Amino acid sequence: MHPRVLRELADVIAKPHSIIFERSWRTEEVPEDWRKVNVTLVFKKSKKEDPGNYRPVSFTSIPGKVMEQLIQEVISKHVEEKKIISSGQHGFTRGKSCLTSLIAFYDGMTVWVDQQRAVYVYLNFSKASDTVSHNILIGKFRKCGLDEWTVRWVEKWLNGRAQRVMICGAESSWRPVASGVPQESVFGQVLLNILINDLDEVTECSLSKFTDDTKLGGVANTPEDCTAIQ
């Protein structure tokens, strides 16, 4: 359904949609159309004949996105009240941004550089949105204390997903999606935040996260440092 239809007929379709949303919530059933994704390509830069200059974009159901927004509000409220997300996460976190992530990480690294210490830095997760394990993600949801109703709805939303590629009017056949979350989904980034939230618990380095754009840095021992210790 085109967004314009929803907007211009809001007075007519608001009530039936609210019934559908509430029924989906109470029965923990997600309509099949909400779990289907049309993938197309968007040109980025340089030469159009180079396939590497395009990025895939996922188009999902608009009513499904509205339901995602409602579920996201439940998740975000729980996360904020329980202070679940670690201080190192700057993405989709109130009062923080990409800029605060860069500043926090830069401050930590420059302190070590001023001390003439050797510093190492690693950046980013590769294709994080495409490789998320659904089972691991649902386990993280339960670990952070989300109510079982919300967890089961998200689980149904993740399972049984399918996608096809659409280019210039041509369509591929539908294929099942066994992992990952659509990058253009409403709460896809929030799911990633919860997935990698416990990274700080198992690392001894400095972490600054902006969802999956994560920077990890620390001090490396040089041969001179080892000699001094001995």
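## Helix H6 and the second largest pocket

On the other side of H6 from its buried residues, Asn135 and Lys143 are exposed. This description rests on a predicted model.

Helix H6 spans residues 134-143, and its buried members are His134, Leu137, Ile138, Lys140 and Phe141. These buried residues lie on the same side of H6, because they cover an arc of only 155° around the axis. An α-helix has 3.6 residues a turn, so residues three or four places apart point the same way.

What lies over the buried residues of H6? The cover includes H3, helix H7 (148-158), strand E6 (175-177) and H8. After H6 comes Gly145, whose phi is positive, near 90°.

Two of the covering helices, H3 and H8, also take part in the second largest pocket, where each supplies at least two residues of the lining. Helix H3 covers residues 62-82 and helix H8 residues 188-195. The largest share of this lining comes from H3, with four residues.

The space in the second largest pocket is about 360 Å³. Its lining has 17 residues, and those nearest the centre of the pocket are Val79, Glu80, Phe92, Thr93 and Arg94. The table divides the lining by residue class.

| Class in the lining of the second largest pocket | Count |
|---|---|
| Nonpolar | six residues |
| Polar | seven residues |
| Charged | four residues |

In short, H3 is part of what covers the buried residues of H6, and H3 also gives the second largest pocket the largest share of its lining.

Methods: Residues are numbered from 1 along each chain as its sequence is written. This is a predicted model: local features need pLDDT of at least 70, side-chain atom pairs count only at pLDDT 80 or more; totals for chains, interfaces and linings use all residues. Side-chain values use heavy atoms; hydrogens and water are left out. On a 1 Å grid over the protein atoms alone, a cavity is a set of points where a 1.4 Å probe fits but cannot get out, and a pocket is an open set with protein on both sides within 12 Å along at least five of seven lines; lining residues have an atom within 4 Å of a point. Grid points are joined across faces, edges and corners, and a volume is the space filled by probe spheres set on the points. Ala, Val, Leu, Ile, Met, Phe, Trp, Tyr, Cys and Pro count as nonpolar, Asp, Glu, Lys and Arg as charged, and the others, Gly among them, as polar. Buried means under 20% relative accessible area, exposed over 50%, partly exposed in between (1.4 Å probe, protein chains only). The arc is that of the directions from the helix axis to the C-beta atoms. Contact means heavy atoms within 4.5 Å.
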